[in-house]
There are 2 protein chains.
Amino acid sequence: MNGAESLVQTLTDQGVDICFANPGTSEMHFLKALENPRMRSVLCLFEGVCTGAADGYYRMKGTPASTLLHLGPGLANGLANIHNAKRASSGMVNIVGDHSAAHLKYDPPLMSDIEGLARPLSHWVRRVESARAVAGDVTTAVSKASEHPGRIATLILPGDASWQETGIDGTPVAPPPAAAGTKVPDAARIEHIARVLRSGEPALIILAGRSTRGPALEWAGRIKAATGCRIATQFFTARIERGVGRVPLERIPYAVGPAIEYLKGFRHIITVETTEPIAFFSYPDKPSLLKSPGTAVHSLIETDEDGAAGLRMLVEALDATNVAAVLQSGSVTAVPSGALGPTSIAQALAAALPENAILVDESLTTGRETMGLTAGAAPHDLINNMGGSIGYGTPVATGAALACPDRRVFCMVGDGSAMYTIQSLWTHARESLNITTIIFANNSYAILKAEYANMGAGAPGARALAMIDIDRPRIDWLAMAKSMGVPAVAVDTAEAFHRAMANSVHEPGPCLIEVRL
Amino acid sequence: MNGAESLVQTLTDQGVDICFANPGTSEMHFLKALENPRMRSVLCLFEGVCTGAADGYYRMKGTPASTLLHLGPGLANGLANIHNAKRASSGMVNIVGDHSAAHLKYDPPLMSDIEGLARPLSHWVRRVESARAVAGDVTTAVSKASEHPGRIATLILPGDASWQETGIDGTPVAPPPAAAGTKVPDAARIEHIARVLRSGEPALIILAGRSTRGPALEWAGRIKAATGCRIATQFFTARIERGVGRVPLERIPYAVGPAIEYLKGFRHIITVETTEPIAFFSYPDKPSLLKSPGTAVHSLIETDEDGAAGLRMLVEALDATNVAAVLQSGSVTAVPSGALGPTSIAQALAAALPENAILVDESLTTGRETMGLTAGAAPHDLINNMGGSIGYGTPVATGAALACPDRRVFCMVGDGSAMYTIQSLWTHARESLNITTIIFANNSYAILKAEYANMGAGAPGARALAMIDIDRPRIDWLAMAKSMGVPAVAVDTAEAFHRAMANSVHEPGPCLIEVRL
């Protein structure tokens with residue numbers, strides 16, 4: 001058994017059985033080792049698709065995927081979506097091939113400081129020193145990636161460590177990593193929060209991480225019902241279970257002014273797996289902290305703690321175990337017709353969403369203010385961009401669809417954003433993924449027009465607009481989809497948009513809808 | 001004047017008058033400053049296009065371009081082509097926007113260690129501390145980028161340094177950087193090399209950097225004529241002036257075996273702005289150093305020295321000032337017909353190349369062994385990938401076309417490579433660039449099939465092949481080109497390929513030719 005075989009065997013022994021790959025010469029033995037039928041390999045034509053897919057996979061599955069990247073530049077191409085994954089607390093194991101140790105001293109063209117590139121966005125980086133060390137290093141990498149919150153583990157695999165024999169008879173089988181997130185908050189902290197909530201002073205609980213779904217969400221709903229506090233998320237959340245029958249969560253607005261307005265009535269902000277709300281960007285005349293001066297911030301659950309356990313403890317401290325949460329009722333959404341706009345788009349989406357869909361939202365300006373209108377849709381998961389690096393949507397949809405092959409993924413993405421990692425469409429077609437990609441084609445980095453004014457730069461002149469409008473040439477999205485084997489349709493009315501989404505649910509495999517705005 | 005305006009004014013004062021931009025919210029004041037009519041701004045839909053374009057611009061113009069990138073992830077997306085540019089010794093000034101200093105302490109979502117990401121692939125990194133400091137920092141950045149060899153200068157521009165007033169009345173005008181590369185080798189070294197060449201022992205001069213064009217190339221030709229030595233380049237060279245009437249250069253083969261065979265007859269290897277030949281990758285049973293054990297290596301010109309001056313000194317030391325170099329004669333290339341293959345492709349290219357074309361080569365397997373067949377074409381420049389990170393071709397062509405608007409750029413690229421930075425096509429269309437993009441569509445990472453065997457991994461099995469073949473789905477290149485506004489044609493015979501190339505020369509603006517293999 002060589003190092004590469006040991007690597008793939010150890011990964012799968014540890015439960016990492018999918019690899020989003022963009023290989024090169026130095027990874028040929030790894031490729032050979034991928035013949036191991038326990039590992040599913042998914043080819044991506046750009047590394048940002050690999051790393052974004054690993055993020056999406058983790059968000060839905062809760063366990064890390066692996067990526068295979070080619071030396072420093074291959075890693076570099078994946079870093080933007082590693083950044084997003086890191087901010088989403090998604091665990092992943094990146095395997096980065098490198099030249100053999102003996103070759104590096106000649107400074108060959110593809111050599112770079114891989115550790116240096118990996119460190120700023122990885123929690124853990126290690127270079128494999130020998131084939132024999134592979135199994136142990138991989139075990140540690142998976143263990144790190146599987147912590148709660150999820151971690152970015154990056155393992156550098158030199159060619160010689162890959163092709164040399166391990167000298168070990170079989171791979172030592174280490175137990176898969178223990179379930180993470182068993183750390184619970186101490187009772188004194190729970191008692192303190194219970195007192196705050198019992199005071200009757202206006203309080204907002206902000207939920208994040210794993211606490212926006214499953215039992216944690218249910219407990220939060222009871223706390224709200226028992227105390228009259230409100231419960232919300234930050235504007236962006238890694239994954240929310242929402243829709244009919246779920247505990248509904250409010251959403252703190254994105255823009256600084258509305259966010260301050262939203263928060264100003266609260267005497268207390270109680271954080272669960274997150275921090276107090278801050279502005280996404282800094283602006284010349286706007287504050288970074290969004291809460292009012294008189295608001296107290298209390299941490300209920302730290303990011304490395306078990307939100308469900310902590311919230312349950314709080315329910316018990318409040319004697320609210322028998323209180324029922326108020327659940328989201330179904331809004332009978334009529335199918336809208338006529339002009340497409342943020343409201344009709346959201347209404348069409350709400351009407352079309354099938355039960356158990358996964359909604360990946362990178363709609364930016366088109367969806368920003370109106371996602372609340374989909375709260376009464378059929379139960380679904382909503383996924384947001386946590387790191388703010390655009391081009392996350394279509395790759396994350398790729399990984400989510402592979403994690404949940406029985407669920408339809410709706411990926412809403414602005415045209416500007418879609419272009420960063422448009423190569424995803426090819427993997428959607430290759431793997432016949434059940435993804436409906438919805439392109440909001442306003443032919444503009446529309447978000448920047450608003451931000452130009454927000455920054456106090458006034459109205460953009462002709463040269464600035466030329467850096468914001470992407471309408472010369474207009475991107476032909478039907479041709480783009482066709483180029484990578486994805487069936488596509490363009491719509492310019494709300495009813496056609498609804499029909500296209502509804503149709504996409506009944507046809508296995510990917511499709512793309514261009515929404516002409 | 002605010003910091004952003006000071007930045008743009010200083011850049012243009014220093015001769016940096018083009019900016020390849022992919023802006024975000026934190027760069028809105030920079031965008032406003034780009035209204036300055038002295039700066040040409042070119043929008044790219046992916047950052048790897050920006051940085052690759054800056055590389056191509058430098059290769060043809062010899063002076064640095066600037067890029068505008070959005071925080072750490074924007075820089076990360078540009079790093080792979082920064083790596084290639086660094087290895088090509090192309091100078092560039094990267095401006096990376098960041099949050100204002102006061103905002104960073106809240107760890108906002110888009111925050112990352114920008115310095116950490118920049119350092120591994122930059123020669124110089126600085127964070128602007130205030131609006132007042134902008135002019136001085138930009139002057140230093142341009143000066144660093146303009147050194148010989150060219151350098152990667154990365155300047156981090158926080159929002160507040162951008163939007164605050166400089167408090168200086170106008171920008172202090174610093175003189176543009178002095179012409180670089182005036183350092184010459186010392187006479188003793190020249191004398192030593194002259195003795196080596198006069199010995200009559202077989203010698204190979206390997207030229208690189210600025211010595212593969214202009215007067216340096218001419219001097220090298222005289223040295224060859226006077227001494228009987230041979231003159232060659234590494235397999236990859238940043239830019240070569242070649243074709244009819246130029247001094248022809250041999251090319252050291254790419255593959256390890258043929259390279260060793262090629263080099264084994266030489267008693268002496270003399271390097272000019274490069275190092276002794278090494279293998280591109282490391283393989284289990286192949287050496288890294290390609291020369292024979294008995295070969296002596298002599299450095300004639302270091303990378304920071306003036307190659308033309310040094311070679312002229314050597315000509316004088318050899319008393320060869322009156323010796324004429326043997327120049328490339330015109331090979332009357334008949335237009336090939338019939339099946340497309342590496343030979344007929346190269347012949348068609350040689351017949352179609354217009355005078356003064358720029359040939360950007362990322363053809364990998366399709367062009368690797370046959371580029372010698374184009375040596376007798378009309379005079380042209382040949383550009384290669386120096387860093388080995390694929391996806392360099394179409395961005396470099398973008399920058400080369402902007403540097404030389406009167407010259408046609410032929411960009412030869414494998415289908416797998418083209419997908420990494422395919423967004424370039426959109427900028428080709430937007431800027432009406434005279435670029436003929438030639439896609440060699442073999443529906444495969446064909447290079448990896450050979451490398452799989454080279455690595456001793458045998459023949460790839462079904463699962464490994466699934467990571468190498470990109471034929472499911474086949475990329476529809478005509479649709480891809482159409483999606484981004486580039487006219488396209490597909491060819492499947494040598495004569496049709498030739499005709500399509502010849503036609504492209506007469507039609508201003510971009511086009512794409514899919515070569516179906």
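A salt bridge, as the word is used here, is a side-chain nitrogen of Lys or Arg within 4 Å of a carboxyl oxygen of Asp or Glu. By that rule, 1 salt bridge is found across the interface of domain 2 of chain A and domain 3 of chain A, and the paragraphs below lead up to that place and then beyond it. This is a predicted model, in which local features need pLDDT of at least 70 and side-chain atom pairs count only at pLDDT 80 or more, while totals for chains, interfaces and linings use all residues. Residues are numbered from 1 along each chain as its sequence is written, chains are lettered from A and ligands numbered from 1 in the order in which they are written, and side-chain values use heavy atoms, with hydrogens and water left out.

We begin with the two chains. Where chain A meets chain B, 97 residues of chain A and 97 residues of chain B take part in the contact, a word that stands for heavy atoms within 4.5 Å. About 8200 Å² is buried between chain A and chain B, with carbon and sulfur atoms giving 64% of that area; buried area here is the accessible area (1.4 Å probe) that two parts lose on being put together, summed over both. On the side of chain A, the residues that lose the most area to chain B are T25(A), R463(A) and M467(A), which together make up 9% of what that side buries.

The interface of the two chains also holds polar pairs. Between chain A and chain B there are 4 salt bridges, and in a salt bridge between D107(A) and R87(B) the closest N and O atoms are 2.7 Å apart. The rule for polar contact (a pair of N or O atoms within 3.5 Å, where within protein one must be able to donate a hydrogen and the other to accept it, and residues adjacent in sequence count only if both atoms are side-chain atoms) finds 50 residue pairs across the interface of chain A and chain B, both residues being at pLDDT 80 or more. Helix 4 (residues 71–87) of chain A gives the most to the side of chain A that touches chain B, namely 8 residues; helices (H or I, at least four residues) and strands (E, at least two) are DSSP runs, numbered from the N terminus.

We now turn to chain A alone. Its domain assignment gives domain 1 (3–163), domain 2 (187–317) and domain 3 (342–516), with bounds that come from an automatic or database domain assignment. The C-alpha centres of domain 2 and domain 3 of chain A lie 28 Å apart, and the contact takes 19 residues from domain 2 and 20 residues from domain 3. Between them, these two domains of chain A bury about 1800 Å², 50% of it on carbon and sulfur atoms.

Which side chains of chain A meet in a salt bridge at 2.6 Å, N to O? They are those of D381(A) and R239(A). The count between domain 2 and domain 3 of chain A is 10 residue pairs in polar contact, both at pLDDT 80 or more, and strand 9 (residues 240–242) of chain A supplies the largest share of the side of domain 2 that touches domain 3, with 3 residues.

R239(A) also forms a salt bridge with E241(A), the closest N and O atoms being 3.7 Å apart. Both R239(A) and E241(A) are buried, where buried means under 20% relative accessible area, exposed over 50%, and partly exposed in between (1.4 Å probe, protein chains only).

Another salt bridge of chain A joins K183(A) and D304(A), with the closest N and O atoms 2.6 Å apart. This pair links distant parts of the chain, 121 residues apart. K183(A) counts as partly exposed because its relative accessibility is 45%, and D304(A) counts as partly exposed because its value is 26%.

Some features of the backbone complete the picture. A cis peptide bond joins H148(A) and P149(A), with omega about 0°, and another joins R472(A) and P473(A), with omega about -5°. In chain B, L71(B) has a positive phi of about 55° although it is not a glycine; L71(B) lies in helix 4 (residues 71–87) of chain B, and L71(B) counts as buried because its relative accessibility is 0%.
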